[in-house]
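Here are a few exercises to work through with the viewer open. Try each task yourself before you read its solution.

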Amino acid sequence: IPHTQFFSDDGTWKDADMIKGIFETAGVDLSKPIVTTCGSGMTAAVVSFAAAMAGADKVALYDGSWSEWGADADTPKATA
């Protein structure tokens, strides 16, 4: 889910029910563990916070995100 979806047009956070609906529409089960990731971990923090606002209590952020994963020659990556 792009982090921008959690904000209203005026830049404020949407309310918890709206955020929960965003996760539900995306097929995310907030009762299961969630790991957020992005390019560097910065925008993933927004998604982690939004998940907590929506009631998730098992949220982790992969702070290395793609920068770390992509730099490691031993991690699997799709190349085609």
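**Exercises with worked solutions**

Tryptophan 13 has a relative accessibility of 32% and so counts as partly exposed; the classes are buried for under 20% relative accessible area, exposed for over 50%, and partly exposed in between (1.4 Å probe, protein chains only). Before you start: this is a predicted model, where local features need pLDDT of at least 70, side-chain atom pairs count only at pLDDT 80 or more, and totals for chains, interfaces and linings use all residues. Residues are numbered from 1 along each chain as its sequence is written, and side-chain values use heavy atoms, with hydrogens and water left out.

**Exercise 1.** Work out how many aromatic pairs there are, and classify the pair of phenylalanine 7 and tryptophan 13.

*Step 1.* Set the rule: rings of Phe, Tyr and Trp (its six-membered ring) pair if their centres lie within 6.5 Å; planes under 30 degrees apart are stacked, over 60 edge-to-face, and the rest tilted.

*Step 2.* Count: this rule gives three aromatic pairs. For phenylalanine 7 and tryptophan 13, the ring centres are 4.5 Å apart and the planes sit at 45°, so this pair is tilted.

*Step 3.* Look at the grouping: Phe7, Trp13 and Phe49 make up one aromatic cluster. Phenylalanine 7 is partly exposed, at 24% relative accessibility.

**Exercise 2.** Find where valine 28 lies, and list its contacts beyond four places in sequence.

*Step 1.* Locate valine 28: look in the loop between helix H1 (16-25) and strand S1 (34-36). Helices (H or I, at least four residues) and strands (E, at least two) are DSSP runs, numbered from the N terminus.

*Step 2.* Check the exposure: with a relative accessible area of 28%, valine 28 is partly exposed.

*Step 3.* Skip the neighbours within four places in sequence, and valine 28 is in contact (heavy atoms within 4.5 Å) with Ile1, Phe23 and Ile34.

*Step 4.* Try a distance: valine 46 is 18 residues from valine 28 in sequence, and their C-alphas are 16 Å apart in space.

**Exercise 3.** Describe the chain as a whole: what pattern does it follow along the sequence?

*Step 1.* Tally the elements: there are three helices and two strands, and read along the sequence they give α-β-α-β-α.

*Step 2.* Get the dimensions: the C-alpha trace spans about 40 × 30 × 25 Å along its principal axes.

*Step 3.* Check burial and contacts: 25% of the 80 residues count as buried. Among contacts with a separation of 6 or more, 54% come from residues 24 or more positions apart.
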